[in-house]
Amino acid sequence: MTQTERHASHPSAVEEVEVRLPPEPRSTSLFVVGHAPRRRGLIILLSVLGGFLLTVVWSAEFVDQTIGDNVANTLLGHDAKQTPISGVVAGVIFAFVSGVAGTFTACNVAAFGALAPLAGTSGSRLGRFLAPLRPLGWMAVGMIAVSALYGAIVGLVGTSMPQFSTAPNTPGSLSPRSIQSMVVFGAIGLIMLYLGLAALKVVPDPFARISRRFPNAPLIFMGVLIAGFLIGRPFPLFRQMFRDAAESGNPLYGAAAFSLQSIGNIVIMAVLFLLLAWFAGSRLQTWFAARPSRLAATIAVAFLVAGAFTFLYWDVRLLARREIIPWYPTAPWA
């Protein structure tokens with residue numbers, strides 16, 4: 001019997017072995033990509049620690065007064081706080097300018113970083129410059145919808161809302177205005193913490209189902225969060241605009257003013273985002289493609305740092321400033 005015949009007489013000697021590889025990880029939404037990074041516990045710990053340290057060194061007086069007031073005074077050409085808002089045209093201009101001036105307030109810090117990974121596009125420089133306009137546009141949809149609705153409500157009933165009050169905060173108690181800020185920013189901070197954990201695949205992706213039909217839903221929701229800053233914002237220039245819109249009794253004016261305030265909030269962020277895409281878009285894409293888990297880690301860190309900062313600053317540190325809890329660590333200048 002030949003060697004071939006011997007093999008033929010024993011068909012089990014040559015068998016096909018089917019090897020099933022595990023399925024390739026896939027994205028479930030824009031902010032939850034397929035690959036989760038290693039050492040997720042360390043990423044969470046360091047990100048939350050970074051958000052906490054930011055609350056320790058953050059100086060609201062410096063950001064609101066030294067930066068915010070000077071920017072508004074320069075753009076308007078007069079003292080923004082001391083000059084009354086005269087008329088609808090002056091009001092909408094003041095709304096936009098005060099929004100730009102409030103870009104770097106503690107309310108807005110959470111908006112930075114979450115969109116940076118979206119700047120990683122390839123192609124020509126013009127293509128890299130135009131590509132980010134799409135996510136910015138979808139974010140503006142959610143932002144303008146919420147800010148316009150809230151502004152219309154302020155135009156109708158704003159004089160009876162907590163943000164209309166100018167009563168000073170007293171030690172040992174919380175004013176209705178402070179309670180509103182704590183509730184709104186506490187919720188926003190917790191939502192961002194959850195999104196950071198979802199990006200690491202520690203918790204389920206909240207956008208997994210809706211993203212199958214509406215891929216841009218996470219961007220619209222991000223715009224909703226940014227507009228939500230207006231609902232709790234204690235920034236003095238914003239409260240000045242709030243009172244003017246409330247006293248006007250005009251819901252259309254309120255909607256326009258609040259929409260422009262939100263747009264002003266993201267103008268500088270949008271410019272930085274476009275510049276990042278223009279100068280570093282292809283390099284970012286190459287860096288993320290070399291190890292896909294880097295994209296998940298970047299998104300997670302952005303949300304976790306912003307969420308921890310927002311919750312701790314507006315809920316825990318605020319209680320210490322009102323002397324309701326005994327102590328919260330702060331830098332000498334803060």
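**Entry 1: glutamate 323 and lysine 201**

I looked up glutamate 323 and noted that this residue is exposed because its relative accessible area is 56%, where exposed means over 50% relative accessible area, buried means under 20%, and partly exposed lies in between, with a 1.4 Å probe and protein chains only. I found glutamate 323 in the segment after H12, and I noted that its phi is positive, near 65°, although the residue is other than glycine.

Before going on I wrote down that the model is predicted, that local features need pLDDT of at least 70, that side-chain atom pairs count only at pLDDT 80 or more, and that totals for chains, interfaces and linings use all residues. I also wrote down that residues are numbered from 1 along each chain as its sequence is written, and that side-chain values use heavy atoms, with hydrogens and water left out.

I then turned to lysine 201, which is not a glycine and yet has a positive phi of about 65°. I located lysine 201 in the loop between H7 and helix H8 (208-213), and I recorded it as partly exposed, with a relative accessible area of 36%.

**Entry 2: the chain as a whole**

I counted 12 helices and 0 strands in the chain, where helices (H or I, at least four residues) and strands (E, at least two) are DSSP runs numbered from the N terminus. I noted that 46% of the 334 residues in the chain are buried. I read the accessible surface of the chain as about 16800 Å², with 67% of it belonging to carbon and sulfur atoms; such areas come from the Shrake-Rupley method with a 1.4 Å probe, and for residues only the protein chains shown count as cover.

**Entry 3: threonine 55**

I placed threonine 55 in helix H2 (residues 40-57), and I marked it as buried because its relative accessibility is 0%. Setting aside neighbours within four places in sequence, I listed its contacts as Phe309, Leu312, Tyr313, Arg317 and Tyr328, where contact means heavy atoms within 4.5 Å.

**Entry 4: aromatic rings**

I noted 12 aromatic pairs in the structure; rings of Phe, Tyr and Trp (its six-membered ring) pair if their centres lie within 6.5 Å, and planes under 30 degrees apart count as stacked, over 60 as edge-to-face and the rest as tilted. I saw that phenylalanine 185 and tryptophan 314 form a stacked pair, at 4.6 Å centre to centre and with 20° between the planes. I traced this pair to distant parts of the chain, with phenylalanine 185 in helix H7 (residues 176-199) and tryptophan 314 in helix H12 (residues 293-321), 129 residues apart. I recorded both phenylalanine 185 and tryptophan 314 as buried. I next took tyrosine 313 and tryptophan 314, whose ring centres are 5.1 Å apart and whose planes stand at 75°, so I entered the pair as edge-to-face. I added that tyrosine 313 is buried because its relative accessibility is 6%. I found one aromatic cluster formed by Trp58, Phe185, Phe229, Phe309, Tyr313 and Trp314.

**Entry 5: H6 and H10**

I found that helix H6 (residues 133-157) and helix H10 (residues 236-248) pack at an angle of about 60°, with their axes 6 Å apart; axes are lines fitted to C-alpha atoms, for helices over the stretch in contact, and angles run from 0 to 180 degrees between N-to-C directions. I therefore entered H6 and H10 as oblique to each other, a term for what remains once angles under 35 degrees count as roughly parallel, over 145 as roughly antiparallel and 65 to 115 as roughly perpendicular. I noted that Tyr150, Val154 and Gly155 in H6 meet Phe242, Ala245 and Ala246 in H10.
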